[in-house]
Amino acid sequence: MDINKRYTAQSWPDHPETATLEGKNKFVGFWLLLAAETVTFASLFATYLALKDKGPSGMEFTAAGLFELPLVFAMTMILLTSSLTSVYAMYHMKNHNFKAMQAWLGITVLLGLTFLGLEIYEFNHYVHLGFGFTHSAFSSAFYVLVGTHGAHVLFGLSWFIALMIRNSKRGLNMYNAPKFYLAALYWHFIDVVWVFIFTVVYLMGVIG
Amino acid sequence: MSSLAQKKGFGAVLWDYLTTVDHKKIAILYLISGGFFFLVGGLEAMLIRIQLMKAGNDFLSAGLYNEIITMHGTTMIFLAAMPLLLAFMNAIMPLQIGARDVAFPFLNSLGFWLFFFGGIFLNLSWFMGGAPDAGWTNYASLALASEGHGIDFYALGLTISGFGTLIAGINFLVTIINMRAPGMTYMRMPLFTWTTFVASALILLAFPPLTIGLFFMIFDRLFDSNFFVVEMGGNTIIWEHLFWIFGHPEVYILILPAFGIFSEIFAIFSRKRLFGYTALVFATILIGFYGFMVWAHHMFTVGLGPTANAVFALATMIIAVPTGIKIFNWLLTIWGGSIQFSVAMVYAIAFIPSFVAGGVTGVMQAIAPLDYQLHDSYFIVAHFHYVIVGGVVLGLLAGTHLYWPKMFGTMLSEKLGMVTFWFFFIGFHLTFFIQHFLGLFGMPRRVYTFNADQGWDLYNLISSVGALFMAIGIIVLLVNVVLTTVKNVRVGNDPWGDGRTLEWAIPSPPPFYNFAQTPLVRGLDTYWIEKMEGNKEGMIYAEPLGDIHMPNGSIIPFVMSFGMFVAAFGALYFMDDTKPWALAVLVIGLGITFGSMLVRSLKDDLGFYITKEELIEDAKRGGNTDGHK
Amino acid sequence: MMKGLTNWRLFALMTALLVFLSGCGREEISTLIPAGKVAQDQFNLLILSSIVMTFVIIVVSIIFVLAIVKFRRSKLGEDMIPEQVEGSAKLEFIWTAVPIVLLLILAVPTVYSTFDLADVTAMDSVNEEGEQNHLTVNVTAYLYWWEFEYPEQGIVTAQELVVPTDERVYFNLISADIKHSFWIPSVGGKLDVNPENVNKFYLEFDKPSSELETGVFYGKCAELCGPSHALMDFKVKSVDREEFDQWVTAMQEEPEPAAEALAQDGEEIFANSCIGCHAVSGVGSGGMAGPNLAAFGDRNRIAGFLEHDEETLKNWIEDPQQYKPGNLMPDGETNNGGEPFSEQELDALAAYLMSLTVEE
């Protein structure tokens, strides 16, 4: 594979992410990693459900009383939108339109940062209510589940930013196309996990 | 590149191994470190048997004894058996499918160094205030009550080495999915490759729950969370579930590759195609699949209720069916063959009755009400040693003899090998057979001493004598390795004469690019097919001789793993008031890791090419350059 | 070499047989000498599964031995290339079907017995007068000792479980600290003692323990719980119903003050140094820091595993850590306010404790 080979929209393959053996390996490997991540989150969800509302006797916090849907709903919408914008970015990647791809990735990153900011605000709010990490088994399970997702968001954002800066000058090639593709795939995965968190933690929490 | 075969100094060799991304060298690293930890774990086993030699012995104190049993189990499973199997997977699997390396050579190296630093970290606990002492299962309530930092060493060390194993698992899966030589369909893959494939899939899905459990443990102990703190609403049974959701598949992660090694041996040394290859493959897949549905049979006495116990009892019994299929297919493989009793074959033959004995006691324990008696007694100790030693360790010893020439280009002495075999085999049965009865006589496991009035004295003494036999066997093996290395008699491509699969078609040890030309696979046991058809060239090739693209070596995996090692110390001392520097250490360690990750992503690493001319030149010299520059 | 292998297998078989015939362990603790319905059921399962498994082993061994005897290369010649058989669908079917049949033979009693042994529905049943039909014992596990509370009878004891024979006894198990496991091998399988939930099961005791050589069944902790896990023993005294009722009545009375002079001294010391953790009255519901010592003089062991005599008792009081590492009982010096007990004080304490008895 020649990193210096220049492509045009015409010579650019339909599936640049799997056009080389390295790309193919990354593609399969990353899907497998996502399988492992799925089991990871499944373990966290199972633990959360087992420990939901469990705490020292007389604990005042319950999921029904603590969580408020409006903010979380806004966060959900923002993250879902960012998933859509990353799809646009990949659309332009496949069309070998580097500038448009960068622009859409930029929007994705901004939305992701907003999400992260709101999550930090939310956590901060709970801590001030007295619902800290060490407060109860419930709080530990909540923060570790949602916090692990937050850490994934942070990692995804760093990944996007690093890719955008590193490749800003040299455009798309066979070497970095799979990387962009996988970062976007990772971003979708994070989004799907959030949909589950929204449902299992917040919706089911508020409803009871 | 053209000065390939020069004599190198020690420093250069060391640097070569620290930076290597060659699967064959990484295999050697796994073999050496796994072997080292195997000796450490064996030493711990000897201490255990000395302590239990007689009633009321005071050779070890109660606390120290618990540390030793914990480290014995943890070391043997995570730091000896797994890496030794990974050594053979690394060394052989890419050769068997006709690949030039694994899919991610860089990650392969990272996987090894993470395992290595995790193992070292765990064992440093001996010198830094005491080893973990809650058993290798580390049940949560005892683990949280344990004083000192032992359990923290356990949780952090296993987290790090677990990441390494997970990386290795993904790597092997992708390699097998994407990098098989032309013609190597799934149903033409050698059985060792198949078992590597299934074991890797199990690693992929089983290690995350363990990592999550370990994270909870670390958070509870070091950052005051409450996952397992009962007064704060926590629940210790969650740990047991997470541990065994990992722990049961782990048993198959260990035994399946051993099955693979034995399958290769039966075919080679019976000079016969594996009987029922298709059945063996599907039995392997089924065992892997069922492996995830039976974890609660380790928890029959926890009080999950009769429905759960009955369901898991039945699910567990079903596993006996595919395992039985395997045993009978192996028997029918040697049936009608021409058996050569090489050391590897003798291990394989000895494996059958040993493993069947371990298997049937497994079925007995699947009977939940009977397990109420057998659980946590010496019966279970006997059972899992029959499976692990009689299955996995015999497999490793057999694999060592079988693949030594392929990995190092020399043959281990068959004579000394037989000596090792007899000592080890007799010692093994002497040690563990009798423990079934100790369990039935009411002796619980993990007891550091016992009173004389319980009828256990004689059997414990016999068991301890057996352990001594095993130790002698292993010492003879070490002598064998040293003598073989010193004599250094080189062997050719197919030293056993009856090799059937691709790894025997190339030089021993293979050149660093494995195959100058990718072979064309025309069926199961492809090399055997070529041999039988009298192909003088060895193989038919799928491509003309041409330039080969190879990955660059890199020190980054080593540095990245070292960063985790440093960070682990920071986390370990995080809550100690007397060690305010801990946070700084944690940050520095993570900084090293993420920094090197960043370097890796920002710096292009495009590898290099071996030209056709260099390949021809190398072929003239025997075609086994190790690529060391 | 081959000859060696067959010889060795014969030898192994002989040894196995010898070992098996040499005994079934001690009747106080061996699962092979069941002394109650639960253990008997489990023993029957053991025998049934052993028979099935022996059948499997015999079949495998026959094929195995025949194969390695018949198909040696030394016999067949170096150059023989065997026929490369692919497999046989018929054989695959047989060795899939036969094990399934064998497993079904095991599966049916397994499921039946699993539900049968977990059936505690009769636990809370009462007769017309509102008394419970069955004896219930609440077992609480502490770091290295066991407390047995009889809620219906309003009494509590420790380290030595007393039960009536020939009837179902129900148990509620919970841990006061970390996880333990409650196991009386010769009477029935174990059940874990968890810190977070009560586990319930039942046992039956068919044999009065007085028929045993040492007079008690041995109970064990079967879950690693720290340094002295190995020493977390308890003893079980099974007596007929009549004797059991007498024992209960005796336990329900507050203990008499010590009669003997030496024991009276001991009582005084006890009141100063020990009573903070240990009760000497069996009346109540337990929950103190140390084991209840009512009827201590009747017990079979000290601390669950040491010889029951005054000398051992004195040593134990002076330095419990030496005998049971990691247990929570302070040494004699600490209990005595910073000064070791004198020999005389120890004699008095021992005499007092040994005088605590409810048996005639």
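**Notebook: aromatic rings and their neighbours**

I began with Phe565(B), which is buried, with a relative accessible area of 12% (buried is under 20%, exposed over 50%, partly exposed in between, with a 1.4 Å probe and protein chains only). This is a predicted model, where local features need pLDDT of at least 70, side-chain atom pairs count only at pLDDT 80 or more, and totals for chains, interfaces and linings use all residues. Residues are numbered from 1 along each chain as its sequence is written, chains are lettered from A and ligands numbered from 1 in the order written, and side-chain values use heavy atoms, leaving out hydrogens and water.

I then looked up the partner, Phe562(B), and found it partly exposed at 33% relative accessible area. Their ring centres are 6.1 Å apart with planes at 35°, so I noted the pair as tilted (rings of Phe, Tyr and Trp, the last by its six-membered ring, pair if their centres lie within 6.5 Å; planes under 30 degrees apart are stacked, over 60 edge-to-face, the rest tilted). Both sit in helix 18 (residues 556-572) of chain B, three residues apart, about one turn of the helix (helices are DSSP runs of H or I, at least four residues, numbered from the N terminus).

Next I searched the whole structure, and 107 aromatic pairs turned up over all chains. For Phe78(B) and Phe246(B), the centres are 5.7 Å apart and the planes at 15°, so I wrote down "stacked". Phe78(B) belongs to helix 3 (residues 62-96) and Phe246(B) to helix 8 (residues 237-270), both of chain B, so this pair links distant parts of the chain, 168 residues apart. Both Phe78(B) and Phe246(B) are buried.

Technical notes. Helix = DSSP H or I, 4+ residues; strand = E, 2+ residues; numbered from the N terminus.
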